[in-house]
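This report describes the strand order, the helix packing and the ligand surroundings of one model. The sequence and structure come before the description.

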Amino acid sequence: MTILVTGATGPIGRSLVSRLVAAGVEVRATSRTPESAGMPAGVHVVGGDFATGQLSGEALEGVSKAFLFPALGGVDGFLARASAAEIEHLVVLSSLSAAREHERDHGSFSSTHHLAIESAVQASGIPHTILRPGNLANNLLFWAWPIKTAGTVEDPYPTSAQTLLHEADVAAVAAETLLGDGHLDKVYPLTGPEVVTRREQLATIGRAIGRELTMVEISPRTFRAQMSHFMPPPAVEMLLDCWSDTVDQPDIPLETVAAVTGRPARGLDEWATDHRADFVQARD
Ligand SMILES: NC(=O)c1ccc[n+]([C@@H]2O[C@H](COP(=O)([O-])OP(=O)(O)OC[C@H]3O[C@@H](n4cnc5c(N)ncnc54)[C@H](OP(=O)(O)O)[C@@H]3O)[C@@H](O)[C@H]2O)c1
């Protein structure tokens with residue numbers, strides 16, 4: 001069996017590729033820059049860019065299942081090709097925001113994008129499973145620079161609390177869904193195992209790197225002004241809405257990772273330990 005992994009060079013994709021290789025599956029991977037994809041030995045990397053619709057002719061040859069990364073710009077071209085190739089099972093990376101459980105999700109940047117991806121997959125008629133991760137712990141990598149350089153992080157909602165999810169758990173669910181039985185037509189909402197405040201999230205990173213870190217509360221307005229250099233305004237508003245909501249109504253942990261994989265979801269301390277190198281200055 002050959003499985004195609006798109007978005008293979010991202011944190012979820014890399015973890016998924018490793019799991020599939022370890023399971024003895026033949027893996028094909030796409031990248032917009034295949035020459036520098038850095039995949040494990042034996043993985044055949046081909047060119048693919050969903051935004052431009054370019055996909056190597058080899059990408060789907062002999063492939064029976066695929067993992068679909070929800071690229072900005074859409075996946076319609078890929079789905080047309082996957083449908084023509086009669087793919088048996090597509091596992092789709094979406095987002096919990098597509099469930100629109102909260103008022104803030106209606107019309108949000110993430111919800112709108114991921115719902116469009118889910119609708120396109122549905123319309124393609126390809127048998128599929130949808131994975132809907134909540135907030136990824138990797139979002140905390142945004143703190144890497146202030147932690148490395150100052151040990152102080154500015155944050156507008158230190159007491160808000162989320163259930164951050166390790167990328168390895170999304171990959172573990174994707175691998176099980178691709179390799180196991182009984183996952184067709186399922187939608188899996190995924191979260192981390194515990195509710196942790198933003199202040200405690202920073203302290204967890206501090207423990208992992210052996211440094212005391214400081215959080216300074218700033219106003220949402222200051223945050224907005226700072227972020228205008230890095231993110232489009234709808235993405236900034238989505239973050240602020242999520243944090244302000246989760247001050248009084250923290251995220252609720254779900255058991256889906258454990259139910260699908262048979263192993264509890266990884267806690268934030270494990271994520272911080274795995275990502276220690278991201279938060280310390282490299283020595284010359
Ligand atoms: N952040 C959250 O809290 C959150 C919550 C729910 C869901 N999600 C979903 O999870 C995703 C992040 O996953 P991740 O961290 O593993 O991925 P990532 O690092 O954001 O991206 C994965 C890979 O996708 C490829 N890619 C980007 N644009 C592409 C395009 N136009 N066509 C083809 N490939 C493209 C890139 O590979 P190459 O450069 O090699 O082409 C990139 O390395 C988000 O984009 C979102 O959809 C995130």
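## The sheet

In this predicted model, eight strands make up an open sheet with mixed pairing, ordered S4-S3-S2-S1-S5-S6-S7-S10. The edges are strand S4 (54-55) and strand S10 (187-190); each has a single partner strand, so one side of each is left without a neighbour in the sheet.

## Pairing from S1 to S4

Strand S1 (residues 2-5) pairs with strand S2 (residues 26-31) in the parallel sense, over four bridges. Here Thr2 has Glu26 in S2 as its bridge partner. The pairing of S2 with S3 is also parallel and has four bridges. In this case Arg28 has His44 in S3 as its bridge partner.

At the S4 edge the sense is antiparallel: S3 and S4 pair over two bridges. Gly48 stands opposite Leu55 in S4. Four residues lie between the strands in the hairpin of S3 and S4, where Gly53 takes a positive phi near 80 degrees.

## Helices on the sheet

Helix H3 lies across two strands, S6 (89-93) and S7 (128-133), and runs at about 170 degrees to S6. Helix H5 (residues 167-179) lies across S1, strand S5 (63-68), S6, S7 and S10. The direction of H5 is at about 170 degrees to S7. Strands S6 and S7 thus appear under H3 and again under H5.

## H2 against H3

Helix H2 (residues 76-84) packs with helix H3 (residues 109-124) at an angle of about 25 degrees, and their axes are 10 Å apart. That angle makes H2 roughly parallel to H3, because angles under 35 degrees count as such. The crossing of the two helices, H2 and H3, is right-handed.

On the H2 side the contact is made by Asp76, Leu79 and Ser83, which meet Ala120, Val121 and Ser124 in H3. By class, the contact of H2 with H3 comprises three nonpolar, two polar and one charged residues.

## Around the ligand

The ligand is surrounded by 25 residues, and the closest are Gly7, Gly10, Ile12, Ser31 and Arg32. By class, this shell has 11 nonpolar, 12 polar and two charged residues.

Which helix gives the most to the shell around the ligand? Helix H1 does, with three residues. Helix H1 (11-22) and strand S3 (44-49) each supply at least two residues of the shell. S3 therefore appears both in the ligand shell and in the pairing with S2 by DSSP bridges, of which at least two are needed for two strands to pair.

Conventions: Residues are numbered from 1 along each chain as its sequence is written. This is a predicted model: local features need pLDDT of at least 70, side-chain atom pairs count only at pLDDT 80 or more; totals for chains, interfaces and linings use all residues. Axes are lines fitted to C-alpha atoms, for helices over the stretch in contact, and angles run from 0 to 180 degrees between N-to-C directions. Angles under 35 degrees count as roughly parallel, over 145 as roughly antiparallel, 65 to 115 as roughly perpendicular and the rest as oblique. A crossing is left-handed if the near helix is turned anticlockwise from the far one by less than a right angle, and right-handed if clockwise. Two residues are in contact if their C-beta atoms, placed from the backbone, lie within 7 Å. Ala, Val, Leu, Ile, Met, Phe, Trp, Tyr, Cys and Pro count as nonpolar, Asp, Glu, Lys and Arg as charged, and the others, Gly among them, as polar. A residue is near a molecule or strand if its C-beta atom, placed from the backbone, lies within 6 Å of it.
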